[in-house]
Amino acid sequence: MSQKVALVTGITGQDGAYLAELLLNKGYIVHGIKRRASLFNTDRIDHLYQDPHIEHQNFILHYGDLTDSTNLIRIIQQVQPDEIYNLAAMSHVAVSFETPEYTANADGIGTLRILEAIRILGLEKKTRFYQASTSELYGLVQETPQKETTPFYPRSPYAVAKMYAYWITVNYREAYGIYACNGILFNHESPIRGETFVTRKITRALARIKLNLQDCLYLGNLDSLRDWGHAKDYVEMQWLMLQQDQAEDFVIATGKQYSVRDFVNAAAKELDMSIRWEGTGVDEKGYSGDKCIVQVDPRYFRPTEVDTLLGDPSKAKQKLGWEPKVTFEELVSEMVREDYKSAQRDELIKKHGYQAMDYNE
Ligand code: NDP
Ligand code: GDR
């Protein structure tokens with residue numbers, strides 16, 4: 001049997017890195033689209049890199065952008081993928097309030113551009129399409145827990161753009177018979193999660209506070225409730241969704257909910273730290289140190305917040321036999337461990353100083 005070919009947008013992101021590894025392990029030829037940046041932006045996939053000068057590469061990167069139709073058409077024509085995973089997006093909810101038009105263009109119309117490319121190139125029967133949909137679609141929740149049939153009520157420019165992407169995916173499936181599906185994924189994290197999402201911000205800051213590299217952690221809404229899973233478990237589901245007889249949409253979640261405050265406490269426990277909550281109205285019992293201070297900073301509040309999300313993954317369990325393997329405690333522990341190691345490296349550099357380079361040599 002010939003090797004399957006996959007094209008992954010957003011390959012430099014958290015999910016892109018885990019998915020690329022999973023597909024390579026399954027014997028796929030993996031093509032990825034990365035954006036041009038002024039600094040290297042491939043940290044998460046450097047371990048998968050293959051010298052482009054060798055023959056029979058099975059990991060190939062292309063420059064591209066979801067806002068550029070001609071670029072997408074050309075890459076898809078060249079690659080002739082069996083499967084496209086559309087993971088690229090301006091994925092930060094708070095930032096989407098600052099850049100709403102760009103977010104609509106990349107996250108909403110970007111999805112349309114890929115689907116149109118499939119149609120223009122006559123690949124409707126060959127290429128299967130996965131869209132990275134999100135629990136943010138539920139926004140102001142209409143039903144708990146949220147499942148595939150729960151009505152949407154998006155609460156940010158990000159979620160509104162993703163709502164367009166969701167429906168255009170459904171529409172192209174129904175109108176043109178493309179195997180196209182939405183994974184409605186609840187929050188998923190890992191040690192390679194972007195540093196400005198709340199979980200990574202917490203584990204990174206607490207590790208640094210423990211080693212006296214930072215004094216304080218500033219957060220926004222501590223009462224926000226999320227259903228947090230591990231990215232590694234969730235990308236397996238993305239692949240499984242494209243291996244079925246019929247394209248369908250699935251909710252992917254753990255079915256368990258914690259607050260941002262719970263996450264802070266769980267991370268502090270891992271590091272054997274106690275927390276002093278300042279300006280939060282909570283004085284945690286047992287606080288003994290003077291270092292680990294958490295303060296609320298209103299700059300991290302959102303104009304419209306999603307207060308609570310809790311997914312019901314029963315359909316994925318029944319139809320695909322999928323269940324998350326990593327528990328909340330294991331997730332927090334892994335993230336804290338990795339950020340502590342990296343803080344230790346920073347501490348070492350701080351202690352011993354940098355070796356200044358003499359460029360006049
Ligand atoms: P990341 O933010 O880690 O990665 C996003 C990726 O998209 C990066 O590779 C980024 O490139 C790329 N990208 C951004 N804008 C463009 C553009 N205009 N053109 C091409 N590439 C672009 O996100 P995650 O890996 O966490 O998430 C993957 C997808 O899943 C996203 O679509 C996200 O919205 C969605 N999602 C994520 C969830 C989560 O909890 N992680 C939950 C539900 C949905 P660069 O590295 O250059 O910035
Ligand atoms: P979210 O993730 O908005 O759910 O989107 P994020 O980690 O940014 O926020 C989760 C909750 O924590 C609250 N919060 C803070 N958030 C950030 N980033 N920084 C803070 O300092 C802070 N303090 C409190 C937020 O208000 C929010 O309620 C993620 C992204 O990956 C999306 O792309 C994806 O679609 C959804 O998850 C599912």
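1. Let me start with the smaller group of strands: three of them form an open sheet with parallel pairing, in the order β8-β14-β13. Strands here are DSSP runs of E with at least two residues, helices are runs of H or I with at least four, and both are numbered from the N terminus. Two strands count as paired if DSSP finds at least two bridges between them. β8 (216-219) and β13 (276-278) are the edge strands with a single partner each, so one side of each has no neighbour in the sheet. From one strand to the next, the twist averages 25 degrees. Angles run from 0 to 180 degrees between N-to-C directions, and axes are lines fitted to C-alpha atoms, for helices over the stretch in contact.

2. A word on the model and its numbering. This is a predicted model, in which local features need pLDDT of at least 70 and side-chain atom pairs count only at pLDDT 80 or more, while totals for chains, interfaces and linings use all residues. Residues are numbered from 1 along each chain as its sequence is written, and chains are lettered from A and ligands numbered from 1 in the order in which they are written.

3. Back to that sheet, for its pairing in detail. β8 and strand β14 (residues 293-296) run parallel and are joined by four bridges. If you want a residue pair to look at, C216 has I293 in β14 as its bridge partner.

4. The other sheet is also open and parallel, with seven strands in the order β3-β2-β1-β4-β5-β6-β11. Its edges are β3 (59-63) and β11 (250-252); each has a single partner strand, so one side of each is left without a neighbour in the sheet. Here the twist averages 20 degrees from one strand to the next.

5. Within this sheet, β5 and strand β6 (residues 180-185) run parallel and share six bridges. F129 stands opposite A180 in β6. Helix α5 (residues 157-176) lies across both β5 and β6, and runs at about 150 degrees to β5.

6. Now the helix pairs. Two packed helices are described by the angle between their axes and the distance between the axes. For α4 and α5, the angle is about 15 degrees and the axes are 8 Å apart, which makes α4 roughly parallel to α5. The classes are: under 35 degrees roughly parallel, over 145 roughly antiparallel, 65 to 115 roughly perpendicular, and the rest oblique. The crossing of α4 and α5 is right-handed, meaning the near helix is turned clockwise from the far one by less than a right angle (anticlockwise would be left-handed). Residues are in contact if their C-beta atoms, placed from the backbone, lie within 7 Å. On the α4 side the contact includes P100, D107 and L115, and on the α5 side Y158, I168 and Y176. By class, it has 12 nonpolar, four polar and three charged residues. Nonpolar covers Ala, Val, Leu, Ile, Met, Phe, Trp, Tyr, Cys and Pro; charged covers Asp, Glu, Lys and Arg; the others, Gly among them, are polar.

7. α4 (residues 100-120) also meets helix α2 (residues 69-79): their axes come within 9 Å and cross at roughly 50 degrees. The two helices are therefore oblique to each other, in a right-handed crossing. S69, L72, I73 and I76 in α2 meet R113, I114, A117, I118 and I120 in α4, a contact of seven nonpolar residues, one polar and one charged.

8. The third pair is α1 with helix α7 (residues 231-241), whose axes come within 9 Å and cross at roughly 60 degrees. That makes α1 oblique to α7, and this crossing is right-handed too. Among the residues in contact are Y18 and L22 in α1, and V235 and W239 in α7. The contact holds seven nonpolar, two polar and three charged residues.

9. For ligand 1, there are 26 residues around it, of which G10, G13, A88, A89 and A132 come nearest. A residue is near a molecule or strand if its C-beta atom, placed from the backbone, lies within 6 Å of it. α1 (14-25) and β5 (128-134) each supply at least two residues of this shell, and α1 gives the most, with three. The classes are 10 nonpolar, 13 polar and three charged.

10. Ligand 2 has 22 residues around it, and S91, T134, V198, G220 and S224 come nearest. The elements giving two or more residues to its shell are α3 (93-98) and α6 (198-210). This shell divides into nine nonpolar, eight polar and five charged residues.

Key: Two residues are in contact if their C-beta atoms, placed from the backbone, lie within 7 Å.
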